[in-house]
Amino acid sequence: MSKVPVTIDGKTIEVPYDTTVLDAAKKLGIHIPTLCHNENVKPYGVCRICLVEMHQGKREKLVPACVFPLRKETEILTNSEKVQRVRRWIIQLMLARSPEEQVILDLAEKYGVETHARFAPHWKEESGERYRDESSCILCGQCVRVCEEIVGASAIAFEGRGSKRRVVSPFNAENDMCVACGACAFVCPTNCIGFVDHGATRELKRWRKKTKMIACKTCGDYFLPESLAKVYAEKMNISEDVYSVCPDCRASVFK
């Protein structure tokens, strides 16, 4: 595989053709902030917080580091004044949507952005209370991509455009395609999905999903959603009874 030279913040390295700027920067130990990036799923490039300044000969522009492929000799600046200025604008827009989310507040502090939103927030109010679920979602899309690419359920998706864009289950109702695995909640950077285990019941509030949990016949602990056990059994062509004992108790038998 051919390699191309890239210089990032004065450090030069050769990387395989089509390597992203973000991956090249990691090889050099250079940090580029990200919100929508997850190395386990395909790059999405939606949050734009990873924008960097790209120079190729006379050509120069701002590009998202997580999706921009290196195919010729390139110079990258990750923290120039232009980059910092654009990141501050992006953070201000994020604060307008999610003024209380710690991950956004941390970025605001790092880049010197005042934490009162410059732009008018679009979230709705009812009886004087904000809909927490909408304002806490930063639309990074990690939950949607993990559900589709890793879990294989595609139980959630984006709806709407612009300020009305949001992540929902089909028709914003409980969806049988959701197996309550919790992968979406695990990757969510703002904990807005509302993943809760209530003993014999698991609930994902944002998707209006509730399912019963299976109790281990040996220790009595609840450890697996029934809906997920059915999927496992169907895909592997085995009986659901296999999942009557939790992994810890099953492992102790073979010690």
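## A walk from the sheet to its salt bridges

Select valine 6 to begin: standing opposite valine 6 you will find threonine 74, which belongs to β7. Keep in mind as you look around that this model is predicted.

**Stop 1: two strands side by side.** Now widen your selection to strand β1, residues 3–8, and strand β7, residues 74–77. How many bridges join β1 to β7? There are three, and the two strands run parallel.

**Stop 2: the whole sheet.** Add the other strands and read across them in the order β2-β1-β7-β4-β5. These five strands make an open sheet, and their pairing is mixed. Which strands stand at the edges? They are β2 (11–16) and β5. Each of these has a single partner strand, so one side of β2 and one side of β5 has no neighbour in the sheet. Try looking along the sheet, too: from one strand to the next, the twist averages 30°.

**Stop 3: a helix across the strands.** Next, select helix α2, residues 81–97. This helix lies across β4 (51–56), β5 and β7, and runs at about 145° to β4.

**Stop 4: a link between helix and sheet.** Show the side chains of lysine 82 and glutamate 60. They meet in a salt bridge, with 3.9 Å from N to O. Why is this pair worth a pause? Lysine 82 lies in α2 and glutamate 60 in strand β5 (residues 59–64), so the salt bridge ties together parts that are 22 residues apart in sequence. Are the two partners buried or exposed? Lysine 82 counts as partly exposed at 32% relative accessibility, and glutamate 60 is also partly exposed, at 45%.

**Stop 5: glutamate 81 and arginine 88.** Select glutamate 81 and arginine 88, which form a salt bridge whose closest N and O atoms are 3.1 Å apart. Glutamate 81 is partly exposed, with 47% relative accessibility. Arginine 88 is partly exposed as well, with a relative accessible area of 22%.

**Stop 6: a buried partner.** Finally, jump to arginine 202 and aspartate 197, where the side chains meet in a salt bridge of 2.8 Å from N to O. Which side of this pair is buried? It is arginine 202: its relative accessible area is 8%, and buried means under 20%. Aspartate 197, at 39%, counts as partly exposed.

**Before you close the viewer.** A search of the whole structure finds five salt bridges. Among them are the pairs lysine 82 with glutamate 60, glutamate 81 with arginine 88, and arginine 202 with aspartate 197.

Technical notes. Residues are numbered from 1 along each chain as its sequence is written. This is a predicted model: local features need pLDDT of at least 70, side-chain atom pairs count only at pLDDT 80 or more; totals for chains, interfaces and linings use all residues. Side-chain values use heavy atoms; hydrogens and water are left out. A salt bridge is a side-chain nitrogen of Lys or Arg within 4 Å of a carboxyl oxygen of Asp or Glu. Helices (H or I, at least four residues) and strands (E, at least two) are DSSP runs, numbered from the N terminus. Buried means under 20% relative accessible area, exposed over 50%, partly exposed in between (1.4 Å probe, protein chains only). Two strands pair if DSSP finds at least two bridges between them. Axes are lines fitted to C-alpha atoms, for helices over the stretch in contact, and angles run from 0 to 180 degrees between N-to-C directions. Contact means heavy atoms within 4.5 Å.
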